[in-house]
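Got the model open in your viewer? Switch on side chains and secondary structure, and let's take a walk through it.

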Amino acid sequence: MRPRHLRRRGALAAAATTLAVLCAGQTLAAPQAAAAPVPALGREVRASTASEVHTAQDAAARAIAGALADPGWRARVRKAALASDEVAVTALDDGALRTALAAADRRIAAAKGLAPDVGPLLRLRLGDPSMRAALTAGTEPWVAAATSDDGPVTAYDGKGRTHTLDARKAPARPVYVVDIDGSRALAAGLDVLHEELARRGVRSAGPASEPEQTRSRAAAAGLWTTRITAVSLSDDQEPWIKGDAEIYTLVTGLGHDGKVRVDPVDMPYLDNDGTVYRPQQILVNWSSYKYDLADAVMMEEDGSTNYRDLAKAIAAVLLTVTDQGAYTPLVNALLDAIPDDWWTDDPDYVDSWYTLARTDSGTRYGARGNGWMTLEPYFVQEL
């Protein structure tokens with residue numbers, strides 16, 4: 001739908017101009033902003049990735065806040081935010097703002113190591129359900145980017161002013177959060193992780209692939225797997241500004257060639273802590289492994305992961321692990337492979353499970369004490 005009047009058109013054009021300038025690599029000075037620390041030499045690549053993603057999200061938040069000065073567009077955004085958990089904000093406008101937001105999308109995809117055609121990544125959502133009443137009553141919303149775990153959070157109002165918020169305590173005023181479509185980014189990222197690991201010599205099954213049936217250990221046609229019948233987390237590491245968690249698990253073990261393999265498992269249903277989910281999801285396909293033991297490391301995608309860099313870091317360490325004729329625990333090796341600075345925000349370590357066995361049945365608690373899974377052996381019959 002096209003703009004109805006010149007005031008809206010002017011507001012959106014001004015906001016789009018702001019976003020375009022910021023996405024070109026420039027930033028507006030915020031009052032009382034502290035100088036950014038200079039990253040250590042070994043962290044330049046990681047810092048660049050986070051900076052690119054965060055800058056694009058923050059620029060989008062500031063531009064959208066400016067566009068909300070138009071009453072008509074503000075009403076459309078409010079209606080969409082109240083009707084849906086997430087809004088593809090580019091779909092709410094067909095002018096200059098949409099073009100600029102699409103450019104920010106492409107910048108984020110490139111920073112994360114994703115293909116440019118991954119699709120719209122930027123989303124807008126209401127920061128917390130407690131804000132719905134105030135937004136419905138017409139309270140002017142602020143806009144913030146989901147760029148920090150611990151805060152402080154910078155929010156923008158329609159006049160361009162900044163406001164500092166606590167990341168761990170949702171404010172009473174409604175806040176629109178500009179975030180990344182975590183499900184879309186994680187699905188695409190795990191594909192990249194799988195491809196890059198394989199390219200670097202680490203065997204890996206795609207997160208959405210069917211179980212390999214070429215080396216079944218069963219006498220009858222089929223294969224043995226371990227299935228998750230229930231799973232729950234005590235803490236998904238997510239403050240209100242970040243919304244739902246995006247959880248995935250890296251299953252590791254030694255393949256039939258005696259080399260380490262890493263199999264990513266997407267867990268898109270595992271949104272909130274304190275909730276028991278019953279996915280009936282296959283976690284381990286035992287036909288892929290030489291030994292009847294494997295490890296699992298559960299992670300949370302925080303938005304600014306570069307999956308190509310993650311695969312490179314994992315491969316560099318795991319390729320040094322060799323088969324010693326017995327099962328080798330790989331949780332510590334996998335955690336050690338991830339650079340130290342990645343633990344500050346992205347990706348977050350949730351929990352890990354050592355020595356999962358093909359015959360495991362019942363509840364297994366993670367080593368960190370942050371989650372549990374109820375597992376059962378499950379035979380997949382060949383058609």
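Eleven salt bridges turn up in this structure, which is a predicted model. We'll stop at three of them.

**Stop 1: Glu 52 and Arg 107**

Select Glu 52 and Arg 107 and show their side chains. They meet in a salt bridge, 2.8 Å from N to O. Now colour by element of secondary structure: Glu 52 belongs to helix 2 (residues 44–67) and Arg 107 to helix 4, and the pair ties together distant parts of the chain, 55 residues apart. Buried or partly exposed: which is Glu 52? Glu 52 has a relative accessible area of 29%, so it is partly exposed. Arg 107, at 14%, counts as buried.

**Stop 2: Glu 196 and Arg 308**

Next, pick Glu 196 and Arg 308. This is another salt bridge, with the closest N and O atoms 2.8 Å apart. Here the link runs from helix 6 (residues 182–199), home of Glu 196, to helix 7 (residues 307–318), home of Arg 308, and the two are 112 residues apart. Glu 196 is buried, with a relative accessible area of 7%, while Arg 308 is partly exposed at 34%.

**Stop 3: Arg 227 and Glu 376**

Move on to Arg 227 and Glu 376, whose side chains form a salt bridge at 2.5 Å, N to O. Arg 227 sits in strand 6 (residues 222–233) and Glu 376 in strand 13 (residues 371–381); this pair again joins distant parts of the chain, 149 residues apart. Arg 227 is buried at 16% relative accessible area, and Glu 376 is partly exposed at 23%.

Before leaving the salt bridges, select Glu 196, Arg 199, Arg 200 and Arg 308 together. Which feature joins these four? Salt bridges with shared partners make them one network.

**Stop 4: along helix 4**

Select residues 96–111, which make up helix 4. Try a quick sanity check with the distance tool: at 1.5 Å a residue, 16 residues should span 22 Å, and the end C-alpha atoms are 23 Å apart, so the two agree. Buried residues in this helix include Leu 97, Leu 101, Ile 108 and the Arg 107 you have already met. After the helix comes Gly 113, with a positive phi near 80°.

Stay in helix 4 and click on Asp 105. How far away is the nearest side chain of opposite charge? That side chain is Arg 123, at 6.1 Å, and Asp 105 is buried without a salt bridge. Apart from its neighbours within four places in sequence, Asp 105 is in contact with Pro 120, Leu 121 and Leu 122.

**Stop 5: the five-stranded sheet**

Zoom to the open sheet of five strands, ordered 1-5-2-3-4 with mixed pairing. Strand 1 (122–126) and strand 4 (162–165) are the edges; each has a single partner strand, so one side of each has no neighbour in the sheet. On average, neighbouring strands here are turned by 35° against each other, ignoring direction.

For a detail, select residues 142–145 and 153–156, which are strands 2 and 3: they pair in the antiparallel sense over two bridges. Across that pair, Ala 144 stands opposite Ala 155 of strand 3.

**Stop 6: the four-stranded sheet**

Now hop to the open sheet of four strands, which has the order 8-7-10-11 and antiparallel pairing. At its edges are strand 8 (260–267) and strand 11 (348–357), each pairing on one side only. The twist from one strand to the next averages 20°.

Select strand 7 (residues 247–254) along with strand 8: they run antiparallel, joined by eight bridges. One place to look is Tyr 248, whose bridge partner in strand 8 is Asp 266. Bring helix 6 back into view as well; it lies across strand 7 and strand 8, at about 170° to strand 8.

**Last stop: two positive phi values**

Which phi does Gln 280 have? Its phi is near 55°, positive in a residue other than glycine. Gln 280 lies in the loop between strand 8 and strand 9 (281–285) and is partly exposed, at 40% relative accessibility.

Finish on Thr 355, in strand 11. Thr 355 is not a glycine either, yet its phi is positive, about 45°. With a relative accessible area of 36%, Thr 355 is partly exposed.

Terms used:
Residues numbered from 1 in each chain as written. Predicted model: local features only at pLDDT ≥ 70, side-chain atom pairs only at ≥ 80, totals over all residues. Heavy atoms only, no water. Pairing = 2+ DSSP bridges. Axes fitted to C-alpha atoms, helices over the stretch in contact; angles between N-to-C directions. Expected span 1.5 Å × (residues − 1). Buried < 20%, exposed > 50% of the residue type's maximum accessible area, 1.4 Å probe, protein only. Salt bridge = Lys/Arg side-chain N within 4 Å of Asp/Glu carboxyl O. Lys, Arg positive; Asp, Glu negative; His and termini not counted. Contact = heavy atoms within 4.5 Å.
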